[in-house]
Amino acid sequence: MKTAPRSIGRAPKQDAALAMAREVLEIEAKAVADLIERLDQSFTRAVETILACRGRVVVSGIGKSGHVARKIASTLASTGTPAFFVHPAEASHGDLGMISREDVFLALSNSGETDEVLAIVPLLKRQGAKLIAMTGNPGSALGKEADVHLYAGAAKEACPLNLAPTASTTAALALGDALAVALMQSRGFTRDEFAASHPGGTLGRKLLTHVRDVMRTGKEMPRVGDDATLMEGVLEMSRGRMGITAVLDGNDRVVGVFTDGDLRRTLEKGTDVRTARIAKVMTREPRTIGPDKLAVEAVEIMERFKVNQLLVVDAGHKLLGALNMHDLFRAKVI
């Protein structure tokens with residue numbers, strides 16, 4: 001007698017796991033959505049307090065709140081608000097010397113009753129530093145002592161036991177992001193400033209690489225005059241190995257472009273390559289870009305118009321360079 005495969009018995013467990021995952025996401029999403037309704041002038045005061053700060057924002061918390069505090073400090077610092085994380089226990093053993101009266105202390109505690117955080121509050125007050133508390137309990141000791149209180153609680157945790165910090169930490173993290181972005185906007189923080197603090201990795205390359213940094217110039221830039229023959233255009237396109245050649249007037253202004261696609265279409269029509277003029281078969285008003293544009297903007301144009309090459313021109317439409325998708329791949333912009 002054959003027995004049923006054991007894998008059949010796994011289906012209910014998988015369904016239960018999916019159901020639990022969906023419930024967790026719904027609870028955490030609701031915790032964030034509830035913050036929208038609870039936002040009030042306390043948030044505005046928190047932004048104003050930090051904007052008026054002549055020092056830095058010192059973010060602190062312990063346990064799961066400490067992990068969230070580290071991320072908030074990092075986000076603030078990378079979006080134009082100088083900030084760093086201090087562990088509350090370490091603060092009581094010397095690190096409090098890192099904090100001055102010019103700073104703002106942002107303390108995270110879901111209960112608002114965390115001993116390690118409360119222990120340093122009197123010392124912060126004595127120094128004259130402003131205190132912003134982010135808790136799930138406005139009536140807590142920390143909430144009452146704060147100059148500004150931000151509510152970041154959740155109606156219930158996503159944990160089935162309603163014990164492990166889950167929805168509450170998600171809410172605190174989202175509120176921290178809201179604070180950082182509001183400060184970023186208030187400061188008029190620019191793309192270039194953001195790039196300056198993110199020079200490494202893919203993000204840095206995308207933000208810092210401009211078209212002028214990757215375009216081909218000089219002899220690497222295929223071009224012919226608008227009086228050239230089609231054969232001269234084909235030879236120049238082959239020499240440049242870009243699948244394209246720019247077509248210029250007597251003042252080096254771009255009047256058209258000839259691509260390998262144009263060549264295929266020309267041959268399909270039975271055009272005599274030896275006698276045809278390139279001005280008759282080129283593509284007029286080609287896609288171009290300026291040298292000071294970001295390289296990622298060139299990628300966007302190529303993807304939107306389904307082209308693999310772009311000519312780089314100045315304000316007078318004079319040819320400055322050329323680039324193709326492979327150049328952007330080599331520069332690791334894509």
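**Sheets and pockets in the predicted model**

Four strands of this predicted model make up an open sheet with mixed pairing, arranged in the order E6-E7-E8-E9. Its edges are held by strand E6 (223-225) and strand E9 (283-284), each of which pairs on one side only. Within the sheet, strand E7 (residues 244-248) and E8 run antiparallel and are joined by five bridges. Leu-248 is found opposite Val-254 of E8. As a friendly reminder, strands of a sheet pair through backbone hydrogen bonds, in either a parallel or an antiparallel manner.

Parallel pairing appears around strand E1 (residues 57-60), which is a handy place to look next. Three bridges connect E1 with strand E2 (residues 83-85), and the two run parallel. Here Val-59 has Phe-85 of E2 as its bridge partner. Between E1 and E2 the chain passes through helix H3 (residues 64-78), giving a β-α-β crossover that is right-handed. E1 is also joined to strand E3 (residues 104-109), again in parallel, by four bridges. In that pairing, Ser-60 has Ala-107 of E3 as its bridge partner.

How do the side chains of E1 point, and are they buried or exposed? Val-57 and Val-59 point one way, Val-58 and Ser-60 point the other way, and all of them are buried. In a regular strand, side chains alternate between the two faces of the sheet.

Attention now turns to the pockets. Rolling a probe the size of a water molecule over the atoms shows where empty space is left. The largest pocket has a volume of about 350 Å³. Its lining counts 18 residues, with Val-257, Thr-259, Val-307, Asn-308 and Gln-309 lying nearest the centre. Strand E8 (254-259), helix H12 (260-268) and strand E11 (309-313) each provide at least two of the lining residues; H12 gives the largest share, with five residues. By residue class, the lining of the largest pocket comprises six nonpolar, five polar and seven charged residues.

The second largest pocket has a volume of about 160 Å³. Of the 17 residues lining this second pocket, Ser-65, Ser-109, Asn-110, Ser-168 and Thr-169 are the closest to its centre. At least two lining residues come from each of H3, E3, strand E4 (130-135) and helix H7 (167-187). The second largest pocket thus brings back two elements met above: H3, the helix of the crossover from E1 to E2, and E3, a parallel partner of E1. Seven nonpolar, eight polar and two charged residues make up the lining of the second largest pocket.

Methods: Residues are numbered from 1 along each chain as its sequence is written. This is a predicted model: local features need pLDDT of at least 70, side-chain atom pairs count only at pLDDT 80 or more; totals for chains, interfaces and linings use all residues. Side-chain values use heavy atoms; hydrogens and water are left out. Buried means under 20% relative accessible area, exposed over 50%, partly exposed in between (1.4 Å probe, protein chains only). Two strands pair if DSSP finds at least two bridges between them. A crossover is right-handed if, with the strands pointing away from the viewer, the path from the first strand over the helix to the second runs clockwise. On a 1 Å grid over the protein atoms alone, a cavity is a set of points where a 1.4 Å probe fits but cannot get out, and a pocket is an open set with protein on both sides within 12 Å along at least five of seven lines; lining residues have an atom within 4 Å of a point. Grid points are joined across faces, edges and corners, and a volume is the space filled by probe spheres set on the points. Ala, Val, Leu, Ile, Met, Phe, Trp, Tyr, Cys and Pro count as nonpolar, Asp, Glu, Lys and Arg as charged, and the others, Gly among them, as polar.
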